Amino acid sequence: TNSEIIINSVVILFITDLDELFFGILMVVNSRWVRRMSIQTADPQEELSNETSKLKDELGTSKEAIVRLTNEGVDLRKRLNKIEAILEKGGICEELANENSTLKAELGTSKEASVRLTNEGVDLR
């Protein structure tokens with residue numbers, strides 16, 4: 001009868017609406033899983049390949065930053081050694097002492113950044 005058709009249609013519309021709501025919730029909670037499990041995903045191999053290339057790019061960027069910070073640390077260490085040599089000779093003046101403390105602070109910051117980036121690079125692997 002017509003009333004049964006209308007009831008069935010309403011039930012189907014309700015279930016479709018619930019499906020869309022659950023899909024939205026899953027996308028918020030774990031969108032990567034939804035994309036992997038979705039029938040709409042054209043090629044899972046391609047998706048994994050894209051994700052792998054993104055991670056490699058991030059790792060390369062992190063390695064470059066580590067090298068740059070390491071080089072900066074070496075340069076700072078050389079400058080600091082020169083200043084310490086001058087100070088050991090007895091040529092103590094406020095300007096050199098200030099630069100010495102500034103360089104030590106920069107070296108500490110550089111080391112911390114290098115360690116942080118090294119840890120990030122390890123995490124990306």
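**Entry 1. A pair within one helix**

I began with R68 and E72, which both lie in helix α2, four residues apart, or about one turn of the helix. I looked up their side chains in this predicted model and found that R68 and E72 meet in a salt bridge, at 3.3 Å from N to O. I then checked exposure for each partner. R68 is partly exposed, with a relative accessible area of 46%. E72 is partly exposed too, and its relative accessible area is 35%.

**Entry 2. A pair between helices**

How many salt bridges does the structure hold? I count two. Besides the R68 and E72 pair, I find the side chains of R32 and E51 joined in a salt bridge, with 3.3 Å from N to O. This pair links distant parts of the chain, R32 being in helix α1 and E51 in helix α2, 19 residues apart. I noted the relative accessible area of R32 as 43%, which makes R32 partly exposed. For E51 I noted 25%, again partly exposed. The cut-off for buried is under 20% relative accessible area, so E51 at 25% does not count as buried. As a general remark, side chains of opposite charge can pair when their charged atoms come close.

**Entry 3. Layout and confidence**

I stepped back to the whole chain. I find three helices and zero strands, and from the N terminus on the elements run α-α-α. The mean pLDDT of the chain is 80, and 86% of the residues reach 70 or more. Which element has the lowest mean pLDDT, and which the highest? I read α3 as the lowest, at 75, and α1 as the highest, at 88.

**Entry 4. Nonpolar cores**

Next I looked for buried nonpolar residues. The largest nonpolar core has six residues, and I list them as L76, L80, I83, L87, L103 and L107. Two elements give two or more residues to this core, namely α2 (44–88) and α3 (94–124). The most comes from α2, with four residues. Apart from this core I find another, of five residues, including I66, L69, A113 and L117.

I picked L80 for a contact list. Leaving out residues up to four places away in sequence, L80 touches N100, L103, K104 and L107. Of these, L103 and L107 belong to the largest core, as does L80. The general tendency I had in mind is that nonpolar side chains in soluble globular proteins are often buried together.

**Entry 5. Nonpolar surface**

I then turned to the outside. A nonpolar surface patch of about 1,000 Å² is made by I7, V11, F14, I15, L18, L21, F22, I25, V28 and V29. I took I25 as a sample residue and placed it in helix α1, which spans residues 2–37. Is I25 buried, partly exposed or exposed? I25 is partly exposed, with a relative accessible area of 49%. Exposed needs over 50%, so I25 at 49% stays in the partly exposed class.

**Entry 6. Totals for the chain**

I closed with the chain totals. The chain has 125 residues, and 16% of them count as buried. The chain exposes about 10,100 Å², of which carbon and sulfur atoms supply 59%. I also looked up contacts between residues at least 6 apart in sequence, and 58% of these join residues at least 24 apart.

How values were computed: Residues are numbered from 1 along each chain as its sequence is written. Side-chain values use heavy atoms; hydrogens and water are left out. A nonpolar core is a set of buried Ala, Val, Leu, Ile, Met, Phe, Trp, Tyr and Cys residues joined through side-chain atoms within 4.5 Å. Buried means under 20% relative accessible area, exposed over 50%, partly exposed in between (1.4 Å probe, protein chains only). Contact means heavy atoms within 4.5 Å. Patches are made of residues with over 30% relative accessible area and no salt bridge: like charges are joined within 9 Å, nonpolar side chains (Val, Leu, Ile, Met, Phe, Trp, Tyr) within 5 Å. Accessible areas come from the Shrake-Rupley method with a 1.4 Å probe; for residues, only the protein chains shown count as cover. A salt bridge is a side-chain nitrogen of Lys or Arg within 4 Å of a carboxyl oxygen of Asp or Glu. pLDDT is the predictor's confidence in each residue, from 0 to 100.
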